[in-house]
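Good morning, and thank you for joining this group meeting. Please bring up the sequence and the structure, and let us look at them together.

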Amino acid sequence: MKDLKKTKVQLFIRCFLFVLVFTTTAVFSQGRKTIPFDASWQFKAGEIANAEKPTFDDKTWKTLDVPHDWSIEGPYDRENPSARGGGYLPAGIGWYRKTFQLDSTDANKMFSIEFDGVMANSDVWINGTHLGRRPYGYISFTYDLTPYLNFGKDKTNVIAVRADNSIQPASRYYTGAGIYRHVRLTAVNTTHFKHWGTQITTPNATTQKAIVNIKTEIENSGAAGTYKLQIDIIDSKGKAVKSIESQENIDKTSNLSKDIEIQNPKLWDIEAPNLYTAVTKLYSGKTLIDSQTITFGIKNAEFRAETGFWLNNKNYKIKGVCLHHDGGAVGAAVPLGVWKERLKKLKEVGVNGIRTSHNPVAPEFLDLCDQMGFVVMDETFDTWTAAKHNGEKGYNLYFKDWWEQDTRDMILRDRNHPSIVIYSIGNEIHDDLSYPEGYKTYKMQEDVVKKYDSTKPVTMALFRPANSKVYLSGFAEQMDVVGQNYRENELIAAHEEHPTWKVIGTENTHVISQWLALRDKPYMAGQFLWTGYDYLGEADWPETTNNQGLFDRAGNWKQEALQRESWWSSKPVVHIVRKSDNAGAGFWISDWTPSDFDTYDNAKINVYSNCDEVELFLNDKSLGTLKKPADDSPREWNVTFEQGTIKAIGKNNGKAVAKEEHTSAGKPAKIILTKSNAVLANNWDDVNFITATIVDEKGIRCANADNQIKFTITDSGKIIAVDNGNIINHDGYQGPAVRAYQGKAIAIIKAVKDNGTITVKADAEGLEQGSLPVEIVFDKK
């Protein structure tokens, strides 16, 4: 109850600050309207003749809100054309239509529609006029609607979108299908800030003083004139710390650059991700004609050949993970709350870096990295022109025609995020990288990146460089930072042969030797583990999910995460794992309940810990103390199994600082429900993870229980997905029931009302029901 009250107070404070900033922004935004456009689309899967025409009758189509991924709705089928890469989920064509009206008072505005991502090969029409096509499903894009709109209360407009991912196999990993990210309308005056036309950099930043440079491009389709530009820099508490004004002569296009000095700034870094907001306003006389609000951070980030990555003159190891864009059971349409939960757990492990493998991500994901203090490697493509196995009909079909526009749009959209410290323009590219011809393809992409953001280095994830000879040909020495997937010894040897090279591990496994390559080599800037979370696709039937993550799809800790926390966390850590089968056979699991008590007598134990000493106990009898190995390897015991409790105590300087224990479970007796957050708000991006754990009479998890669990929810909430993390589960995620895996299952819920209480229940035959309330808080957004 105390924690709930604390959470309510924190939410009240956040809401108050939001209202304060929103009120200010509303005054600033008289000249610009941003209209959320996610609600009430009509959808139908399949090819449909004439669906782009405004007179088409879509009344029988399904009404839904976007973001929407229809592929995750299933069913799983080994014969689905998406096959191994797409996780055996459906592919095809989907149509979306939305009818809307515009007030006649806005007829003098310029309207555009912004899509954060449509999967894939999207075509968009307004009132029957084709606006354009974008093959790359991960890219954000915008279209001008102005010449084609109808205004007035008796007139309607129709947006139609055709999304086509029927050409398969289109990817080596799950893509999703449809309008799977947010959409908005924007209305501006004829004189306005250009879309993605403002860049904020901090070329000189210390804790004493910072120079914030703001470059902005203004477009003007009206008459030239003199305008007032006002820029306010606002800190995280809503206080204006600096304001400037200037008179500007604006013709058709004007590029302005302003340096603003900030005294005693709070720098953005991994440990304290302090953020500022730049509110730029354009006035004609006293009339506000446009404004925009951009969040940024003040920082200095650089890579050094001798010592790796530096942030604000502090040397960090980037302890990163690769993340695909899917959110497990929710597919590609991922509520931000799912990412919040995932990134929170990665922080617990000690992760401080994210590689967006291998494509542009949703913009709000980068916002979250800004807020939580992750550094980001922002990546463009998985393929250039050469195809890859199990994704032969992917971006390689479009690279030649689209790489430049897609690269430009990603950089323009993302460049102001303080979390981004490096760009990658390719992953394990199979094109011929011979020098100089292969390097030309690399360089033309690097040049586009640098044209729009020269403040960050560029790399790519080199694939088997010893085979491609890029370390010998001259290719690698031209790169800002040399990035390599796996084979760390090759990268170490390359740097020691060329000590002026800056190097980073762009993709790495969980084995100890790859950790030591980062730990022991000061020039290794960082590494990105493959992967942070299990992801859909890239798996052979009956598996549907690649299981190389620190966490499974449902967010359960895996053995790799337990070990990694002992290497990467700054807090004292101790974790016990055992081999699942007798005498060291099987896989590592974290419990003390064998599947067969009669045949399990020789337990191989590993303890992962960063403590100086670890003492192991079985039923309160000491099994000895082991000191921390110099190579960070786990401490090992071979234990004659006894039913009861196994316990490990970690000590520093002789003092107990960490403890973990597992107790043998009895027969399953009941279900216990827990929630990821104390409260829930009614908006698309807020979710709550409800975990159902099957326990015995004493509350010990029954790790071998696989009962079918059925979730129910009151009408103030809804279940959007269920899951158990099992990579061979083919039941799908849309129903209310799921079989427990390792004694657990989850339901992801949302609120559908603005206040009240949601009650979630979980039932399984023969077990005591689990029940849990979740309070809804009013969302002022």
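I shall begin inside the protein, with a cavity whose volume is about 150 Å³, the second largest one here. Please keep in mind throughout that this is a predicted model.

Which residues surround that space? Its lining has 16 residues, and those nearest the centre are Arg 181, His 325, Val 334, Trp 339 and Ala 362. Two elements each give two or more residues to this lining, namely strand E22 (353–356) and helix H3 (363–372). Sorted by class, the lining of the second largest cavity holds eleven nonpolar, three polar and two charged residues.

How many cavities of 30 Å³ or more are there? The count is four. The largest cavity has a volume of about 330 Å³. Its lining is made of 23 residues, and closest to the centre are Tyr 138, Ala 170, Ser 171, Gly 394 and Tyr 395. Ten residues of this lining are nonpolar, nine are polar and four are charged.

Let us return to helix H3, which lines the second largest cavity, and consider its partner. Helix H2, residues 336–349, packs against H3 at an angle of about 35°, and the two axes are 10 Å apart. The crossing of H2 and H3 is right-handed. From H2, the residues in contact are Leu 336, Trp 339, Lys 340, Leu 343, Lys 344 and Lys 347, and they meet Glu 364, Phe 365, Leu 368, Cys 369 and Met 372 of H3. This contact comprises seven nonpolar and four charged residues, with no polar ones. Please note Trp 339 in particular: this residue takes part in the contact between the helices, and Trp 339 is also among the residues nearest the centre of the second largest cavity.

I turn now to the sheets. As general background, the strands of a sheet pair through backbone hydrogen bonds, in either a parallel or an antiparallel manner.

One open sheet has four strands in the order E39-E41-E45-E43, with antiparallel pairing. Which strands lie at its edges? They are E39 (670–675) and E43 (717–723), each of which pairs on one side only. From one strand to the next, the twist averages 30°. Within this sheet, E41 (residues 688–695) and E45 (residues 744–751) run antiparallel and are joined by six bridges. As an example to locate on the screen, Ile 690 stands opposite Ala 747 in E45.

Another open sheet has three strands, ordered E11-E12-E15, and its pairing is antiparallel. Here the edge strands are E11 (191–205) and E15 (253–263). Neighbouring strands are turned by 20° against each other on average, direction ignored. E11 is joined to E12 (residues 209–220) by nine bridges, and Asn 204 stands opposite Ile 211 in E12.

Finally, some details of the backbone. Where do we find cis peptide bonds? One joins Met 119 and Ala 120, with omega about -5°, and Ala 120 is in the loop between strands E5 (110–115) and E6 (122–126). Another joins Tyr 435 and Pro 436, with omega about 10°; Pro 436 lies in the loop between strand E24 (420–427) and helix H5 (437–452). Lastly, Arg 464 is a residue other than glycine with a positive phi, near 45°. Arg 464 sits in the loop between strand E25 (458–462) and helix H6 (465–468).

Thank you for your attention.

Technical notes
Residues are numbered from 1 along each chain as its sequence is written. This is a predicted model: local features need pLDDT of at least 70, side-chain atom pairs count only at pLDDT 80 or more; totals for chains, interfaces and linings use all residues. Side-chain values use heavy atoms; hydrogens and water are left out. On a 1 Å grid over the protein atoms alone, a cavity is a set of points where a 1.4 Å probe fits but cannot get out, and a pocket is an open set with protein on both sides within 12 Å along at least five of seven lines; lining residues have an atom within 4 Å of a point. Grid points are joined across faces, edges and corners, and a volume is the space filled by probe spheres set on the points. Ala, Val, Leu, Ile, Met, Phe, Trp, Tyr, Cys and Pro count as nonpolar, Asp, Glu, Lys and Arg as charged, and the others, Gly among them, as polar. Two strands pair if DSSP finds at least two bridges between them. Axes are lines fitted to C-alpha atoms, for helices over the stretch in contact, and angles run from 0 to 180 degrees between N-to-C directions. A crossing is left-handed if the near helix is turned anticlockwise from the far one by less than a right angle, and right-handed if clockwise. Contact means heavy atoms within 4.5 Å.
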